[in-house]
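Let's take a friendly walk through this structure, looking at how some of its helices pack and then at a pocket. Keep the 3D view open as you read.

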Amino acid sequence: MQTNESSQDGEIKHVIRSLCMMNNRFMNFMLDDNKEAAQVFLRIILGDDKIKVKNVRIQSFIQNIYGHSSQLDILAQDSKGRYFNVEVQRSDEGAPARRARFYSSILDTHFLQPGKLYEELPDTYVIFITENDVLHDNLALYNIRRRIDENAKCFEDGSHIIYVNSQRRDDTALGKLMQDLYCTEPKNLHYHEFAERMEFLKYSKEGEEKMTDVIEEYAAKKAEAVAKEAAKKTAQARNVELAKDLLSEGESIERTVRLSKLSEAEVRELASKLSA
């Protein structure tokens, strides 16, 4: 029993220490109420060293009583009242243009209070950090703004959408930030604002306890994988028995392959054993 518990404990530690910030759950823990780290992100991505983050929250649920609601990965506000929503997307399907548009609109509806003028609507930034170059132009950053077609001037409505291509991991400030997103060891991080939090989360008992939901998610995925493997083995055994019955009744190799869903090599091997 103690051996099993030790083995499980070691497995949990291995999972935690293999995490990087491109795992959005781990990113959430890294930035939760961590103004300094969020500030590094925003300053580098926006190229503005004067950004001062007032607060940062993770998993902010924004209710939309008229339609689709959303849970934002990271929501920060700076000293100028601007709001920044940061989303980490490992799947290309998770970062479509219309999702960015929706997140931008839901921030607007949430932060313009009743009775306020439209001019009081805060500037908003929706930032997708993507594992792949989903916009396919091999750029490190894609700053997306509305513009007037006839004169190519920006339409200054205060909304901003930014895609960050995490594949561009060069020696620029942004490239080093992208390197840090894939880094699993605190000592190898370029930006010290991340190192202390990562050290705490990965190498302290308190940090491990804080990441309970990450561990539970891992356990659920592992249980699902075990169940799928067991189901696969059961189906395979059933198909083998069916093939044996068909061959015993004189069915051809071709028909047995089709009905049993085994490969031709597997069926021929069974046939040779039955005739031996």
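Helix H3 (residues 35–46) packs with helix H5 (residues 173–181) at an angle of about 140°, and their axes lie 9 Å apart. Please keep in mind that this is a predicted model. Angles over 145 degrees would count as roughly antiparallel, and those from 65 to 115 as roughly perpendicular; H3 and H5 are therefore oblique to each other. Their crossing is left-handed.

Which residues of H3 and H5 meet? On the H3 side they are Phe41, Ile44 and Ile45, and on the H5 side Ala173, Leu174, Leu177 and Leu181. By class, the contact of H3 with H5 has 7 nonpolar residues, with no polar and no charged ones.

Next, have a look at helix H9 (residues 253–260) and helix H10 (residues 264–275), whose axes come within 9 Å and cross at roughly 120°. That crossing makes H9 oblique to H10. Here the handedness is right-handed, as H9 passes H10. From H9, the residues Ile253, Glu254, Thr256, Val257 and Ser260 take part, meeting Glu264, Val267, Arg268 and Ala271 of H10. The residues of this contact are a mixture: 4 are nonpolar, 2 polar and 3 charged.

The third pair is made up of helix H2 (residues 24–31) and helix H6 (residues 192–203), packed at about 115° with axes 9 Å apart. H2 passes H6 in a right-handed crossing. H2 brings Phe26, Phe29, Met30 and Leu31 to the contact, while H6 brings Phe194, Arg197, Met198, Leu201 and Lys202. Of the residues in the contact of H2 with H6, 7 are nonpolar, none polar and 2 charged.

Here are the pairs side by side:

| Helix pair | Axis angle | Axis distance |
|---|---|---|
| H3 and H5 | about 140° | 9 Å apart |
| H9 and H10 | roughly 120° | within 9 Å |
| H2 and H6 | about 115° | 9 Å apart |

Now let's turn from the helix pairs to the pocket. How much space lies in the largest pocket? The volume is about 250 Å³. Its lining has 13 residues, and those nearest the centre are Arg101, Ser104, Ile144, Arg146 and Ile161. Two or more lining residues come from each of helix H4 (97–111) and strand S6 (159–165). H4 gives the most to this lining, with 6 residues. Sorted by class, the lining of the largest pocket holds 5 nonpolar, 4 polar and 4 charged residues.

Conventions: Residues are numbered from 1 along each chain as its sequence is written. This is a predicted model: local features need pLDDT of at least 70, side-chain atom pairs count only at pLDDT 80 or more; totals for chains, interfaces and linings use all residues. Side-chain values use heavy atoms; hydrogens and water are left out. On a 1 Å grid over the protein atoms alone, a cavity is a set of points where a 1.4 Å probe fits but cannot get out, and a pocket is an open set with protein on both sides within 12 Å along at least five of seven lines; lining residues have an atom within 4 Å of a point. Grid points are joined across faces, edges and corners, and a volume is the space filled by probe spheres set on the points. Helices (H or I, at least four residues) and strands (E, at least two) are DSSP runs, numbered from the N terminus. Ala, Val, Leu, Ile, Met, Phe, Trp, Tyr, Cys and Pro count as nonpolar, Asp, Glu, Lys and Arg as charged, and the others, Gly among them, as polar. Axes are lines fitted to C-alpha atoms, for helices over the stretch in contact, and angles run from 0 to 180 degrees between N-to-C directions. Angles under 35 degrees count as roughly parallel, over 145 as roughly antiparallel, 65 to 115 as roughly perpendicular and the rest as oblique. A crossing is left-handed if the near helix is turned anticlockwise from the far one by less than a right angle, and right-handed if clockwise. Contact means heavy atoms within 4.5 Å.
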